[in-house]
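Biologist: Before we discuss this entry, I would like each descriptive word to be traced back to a value and a cut-off. Could you take my questions in turn?

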Amino acid sequence: MSSGYKPDILWSPHHADRYVICDTELSLYRIGPAGSPETKAGALPLSEQTAATLLAINSDTPYMKCVAWYPKHEPECLLAVGQANGRVVLTSLGQSHNSKCKELVGKEFVPKHARQCNTLAWNPVDSNWLAAGLDKHRADFSVLIWDISSKFSPEAVPAEKVRLSGDVDSGLVVTKPLYELGQNDACLSLCWLPRDHQKLLLAGMHRNLAIFDLRNTSQKTFVNTKAIQGVTVDPHFQDRVASFFEGQVAIWDLRKFEKPVFTLTEQPKPLTKVAWCPTRMGLLATLTRDSNIIRLYDMQHTPMPFGDEVEPTIIERSVQPCSESIISSFAWHPSAQNRMVVVSPNRVMNDFTVFERISLAWSSTTALMWACGRHLYECTEDAGQGAAAAEKDIATKMRERAQSHYGHDTVQVWRNHVLAGGDDPQLRSLWYTLHFMKQYTENVEQKQQSNKQSLIYSGIKNIVKSSSGTTETRRCWSGSDRQTDVPRYHSEERSLALQLCGWISRGPDIDVEPFLKSLEQEGEWERAAAVALFNLDIRRAIQILNKGASAEKGDLNLNVVAMALSGYTDEKNSLWREMCSSLRLQLKKPYLCIMFAFLTSEPGTYDAVLYESRVAVRDRVAFACMFLNDAQLPRYIDKLTYEMKEAGNLEGILLTGLTKDGVDLMESYVDRTGDVQTASFCMLKGSPGEVLKDPRVQCWIENYRNLLDAWRFWHKRAEFDIHRSKLDPSSKPLPQVFVSCNFCGKSISYSCSAIPHQGRGFSQYGVSGSPTKSKVTSCPGCRKPLPRCALCLMNMGTPVSSCPGTGKADEKADLTRDKKLAQFNNWFTWCHNCRHGGHAGHMLSWFRDHSECPVSACTCKCMQLDTTGNLVPSDSV
Amino acid sequence: MDLHILDHRLRVTSISKTGLEQYTHPLIKLIFLRNRTRCKFFSLTETPENYTVVLDEEGFKELQPSEHLQVEGSTWLPLNVVSNGNASSSSQSVGVTKIAKSVIAPLAEQHVSVFMLSTYQTDFILVREKDLSVVVESLVEEFNIFREEGGESVPVHSQDACNGLQRNGREVPHATVHPVLIPENQFCVMSLDPDTLPAIATILIDVLFYSNSPREGASIDQDMECIKFFSFSMIDGYVSLVMDTEAQKQFPTDLLFTSSSGELWRMVRIGGQPLGFDECGIVAQISQPLADSDISAYYISTFSFDHALVPEEDIVSVTEMLQAQRMSS
């Protein structure tokens, strides 16, 4: 309770829309929606939505020190007021005269010795009982428990003695309390314990908290502490009590009353009010003097009681209900969640709801869930109906790609970009590069030229570096006898590079015709024309452009370009040359643009072609390999490689190959996109020794696997692991689980493969009569029978034929899905808790309908112990 | 029962009536301007002889030394008995009587000089700081002793048993029995909400500092049967007032706290000559017989004399008792 004349605020315990402000007088307010017809014109706005109407004022009781609202429904609006001289007066507000509390209103309870009344508390059960905590007096008790229904004291006070104590006039004065507690000390604060309404918790001046039981007042439990102000019981946790002293709040557990379970961080200013939120578990609000913030402590996740060694988890935060004004007092709303009304020293009131902290969680499948207060919200990614919908999140893309077996096409490697959706030029370039690299490696393998192999995956950058024996030729324009002055360079490495660029297929001669055909097929007319032109076949280029113009949906402008092209002249100062070199810049299509750039450039200076970033890297590189000399080429390639690495452009893999450089490039790609999937699949093809051991690569692979697990794509993850172990045998995990024989303790699978020649003897232990389905049902080491399946009661074992070591490679190839499943059905499974088990297939079907162990008399809830057993993979096999 | 050694280091001083005007400024500051001073323990008692001021070191800084200010040389520590709430309430007596046997008598036996200060709220027993070990020694059996330091109560145990033999000062065969004076005025002991102090400031200043100025009415005829006695104390935020009914009439009734029975007290002043601070057993002399007859009492020591307040209705028996004590010695 506040002291002095700063206003305090009290909610009605039963009317959720009424509260009382008390300073020098009591004012009853009703709170309602702002602007509604119910709220009158004089209503005070409390917030944007609510306003308060003054219903009644009571100024009958001067020198108020504390107020307590009668806790029962009837009589409503009965208040006990503690005064500075220790008297407790019952009063009422806004009640009609014939109300039920008529005979109670005005009743006074007077202590023997006058001193300040510090605190009041109604007993929550025996609502006739009112406890008053007073300052100390040398000869009197500090806690008086009054019975409000008692009649005035029978002992008549001698008339001459009355003169000092004022107006003792009527029968409304009670001087004999029901109980007296706490001699020679002041009571600063008290509360009834909700767990036992006969018990009272007192906080006294002499630095102690004491619990009195009214059934035996001479006994008490007490503890010395400084925190003796404002004791208050957590309404949600009746053994938890908060008390404070100056800036410090102590939290007590009444079951361990020796010391506070913890104290909250000390505030620089003394506290004036501490209150538990009645609508929210474990939320404590505190207010310090002259402050405009209310500090909240969330103890929801603080275990009670907790051991001494753990740090309590308390979330602390502050709220500022009204921006500038200092808060004099506040009161939680009794029922509306987290709502409070605060009042400033000049009686400006504010209705305020403490916003609950939002906890937020991403699901592994892009859905977002958040909780606020008692509400739970879910938010999922918009499917993106319109074509203009924002690009999908990379996680969604990866998920879709995983479902379409992206990365798993190891034969036609380029097809992976189609599996990825086929709309990403970088992925397209990447998978074509990998495709060409693989193709070349395979060719080389056939020719047993092992020295070249290492070069392939190391990319064009390394290939051109080792270039030697370059020859220079000057060819005619094909179909014309005019000599060109364009030098063209040839070497083994350069033609290898052209192969990797996809311009030519293998072979010594440079024939781009197949490539042109495929481009024509795909309708890439401009690109095909450019490639033809770079191969000095201007006629073919014109032909391609004509074809393109006449094709379905063809661009008629291509004819115009063809015409322009046909006017080519190598005359240096011709009008054609002049016009082309300036007008080409206005061409929108990059390939058309570079065609004219090529034709109008001086030999050896092809920057307009080489640095046209809209042109695919592979075409630029191929061009460079044809027309740059040995000095220019490595410089250009280095520069381009650097650019690609910086940008994380996957087209650059063509240059870097799957080398350390490639990992660097991929790193910046992953940094840019987060696409660990592509990174994993791509780098798996790199050399195991160098690239795969790179911690970055391992990190991408592990993250991708975790991602698949998080999506519950367990089958996909298994497929990935298989794929990975094929490319990187070192990643194959060693067997970690062995089934050992109960008798000899040896691993049964180990022995099985170690001694295949004993196979003949096993059939005699087979329980199954069929000779074709012979099984290993005994330990191969000691020949004792293996355990029985709890369901079919047969000895467990696996068919001999499927034992490892019997040519499994051939066998696996023709195993159908059914056969694989049948094999799995024979596997050993057992519960780690009760150790009962049996054939995997039997157990699976048993636990589909049961949660308890199939062994009779075993009550183990095996299925419930399996936390992942109930999860369903979200991908199908 | 608990005995608390409070966290105040006190000085006992006296201001002569003639020198009062030099000290009105610090006194008013200490009484009314609580937020301007860090003094937590302040008591001012006016007697016909002088003003006795007991205050802590923070307050003592305010008093400028002069020929009008007499200071007792030692530092005093206040003791306070806390009954811990569950003391047997068989005895209805209050105040000094309650602790006569348990505290005052043992201290007198150990020749510890005490300075008593009763207030509306409680009784303080002031002992010299140098006597503390003897005090602890002699009271440790009866009480749980706590020393309050910076807001914490620290249990105190007697250092060693051998110290117990070390008596305080010389052996005095038997205390002299001092003459007593029983004036006619009736006294009341009251309290006040410190927040309402400003409301009675002018009255209080008038009563405290202008009591010697001529006043109309009955109080003028100084028949020596009444003596001037007024005590104001403010200790840890609690105000206590002791005044006679004449002074009480000047205060508004609704602000002062008193007991509902409106009890009145008579005074017994002990000592013909100023008592000094070294003699011990004076309080015990009075409190012992009062305790024997279960009579409540307040006891206020001042610089020169000791004052006991006993209930009006018991004054006759007290007078007889004191006379009997005289005769026997």
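Modeller: To count elements we first need to say what they are: a helix is a DSSP run of H or I with at least four residues, and a strand is a run of E with at least two. On that basis chain B has eight helices and 18 strands, while chain A has 27 helices and 38 strands. Please keep in mind that this is a predicted model.

Biologist: What share of each chain counts as buried?

Modeller: In chain A, 48% of the 877 residues are buried, and in chain B the share is 57% of 329 residues. The word refers to a relative accessible area under 20%.

Biologist: How do you know what part contacts between residues 24 or more positions apart play in chain B?

Modeller: Taking the contacts in chain B with a separation of 6 or more, 78% of them are between residues 24 or more positions apart. For chain A, among contacts between residues at least 6 apart in sequence, 50% join residues at least 24 apart.

Biologist: Let us turn to the aromatic rings. How many aromatic pairs are there, over all chains?

Modeller: The count over all chains is 36. One of them joins Tyr432(A) and Phe436(A), with 5.9 Å from centre to centre and 35° between the planes.

Biologist: Why is the pair of Tyr432(A) and Phe436(A) called tilted?

Modeller: Planes under 30 degrees apart would count as stacked and those over 60 as edge-to-face, so what remains is called tilted. The 35° between these two planes falls in that remainder, and the 5.9 Å between the centres is within the 6.5 Å that a pair requires. Both residues belong to helix H3 (residues 425-447) of chain A, where they are four residues apart, about one turn of the helix.

Biologist: And are Tyr432(A) and Phe436(A) buried or exposed?

Modeller: Tyr432(A) has a relative accessible area of 18%, and because the limit is under 20%, Tyr432(A) is buried. Phe436(A), at 17%, also counts as buried. A contrasting geometry is found for Tyr704(A) and Phe720(A), whose centres are 5.1 Å apart and whose planes make an angle of 85°; as this angle is over 60 degrees, the pair is edge-to-face.

Biologist: What makes you say that this pair links distant parts of the chain?

Modeller: Tyr704(A) lies in helix H20 (residues 695-710) of chain A and Phe720(A) in helix H21 (residues 714-727) of chain A, with their positions 16 residues apart in sequence. Their relative accessibilities are 2% for Tyr704(A) and 0% for Phe720(A), so both count as buried.

Biologist: What makes you say that the charged end of Arg269(B) sits over a ring?

Modeller: The ring is that of Phe305(B), and the charged end of Arg269(B) is 4.0 Å from its centre, where the limit for such an arrangement is within 6 Å and within 35 degrees of the ring normal. In chain A, the charged end of Lys273(A) likewise sits over the ring of Phe330(A), at 5.7 Å from its centre.

Biologist: How do you know how helices H8 and H9 of chain A run relative to each other?

Modeller: The axes of H8 (residues 525-534) and H9 (residues 538-550) come within 7 Å and cross at roughly 170°. Angles over 145 degrees count as roughly antiparallel, and H8(A) and H9(A) are therefore described in that way. Their contact includes Trp525(A) and Leu533(A) from H8(A), and Ile538(A) and Leu545(A) from H9(A). By class, the contact residues are nine nonpolar, one polar and two charged.

Biologist: Why, then, is H1(A) called oblique to H18(A)?

Modeller: Helix H1 (residues 394-403) and helix H18 (residues 676-684) of chain A have axes that come within 9 Å and cross at roughly 45°. That angle is neither under 35 degrees nor between 65 and 115 nor over 145, so H1(A) is oblique to H18(A). Met398(A), Arg401(A) and Ala402(A) of H1(A) make the contact with Val676(A), Gln677(A) and Thr678(A) of H18(A).

Biologist: Lastly, why is Glu312(B) called partly exposed?

Modeller: Its relative accessibility is 25%, and because partly exposed covers the range between the 20% and 50% limits, Glu312(B) receives that label. Glu312(B) is placed in the loop between strand S18 (306-311) and helix H8 (315-328) of chain B.

Conventions:
Residues are numbered from 1 along each chain as its sequence is written. Chains are lettered from A and ligands numbered from 1 in the order in which they are written. This is a predicted model: local features need pLDDT of at least 70, side-chain atom pairs count only at pLDDT 80 or more; totals for chains, interfaces and linings use all residues. Side-chain values use heavy atoms; hydrogens and water are left out. Rings of Phe, Tyr and Trp (its six-membered ring) pair if their centres lie within 6.5 Å; planes under 30 degrees apart count as stacked, over 60 as edge-to-face and the rest as tilted. Buried means under 20% relative accessible area, exposed over 50%, partly exposed in between (1.4 Å probe, protein chains only). Axes are lines fitted to C-alpha atoms, for helices over the stretch in contact, and angles run from 0 to 180 degrees between N-to-C directions. Contact means heavy atoms within 4.5 Å. Ala, Val, Leu, Ile, Met, Phe, Trp, Tyr, Cys and Pro count as nonpolar, Asp, Glu, Lys and Arg as charged, and the others, Gly among them, as polar.
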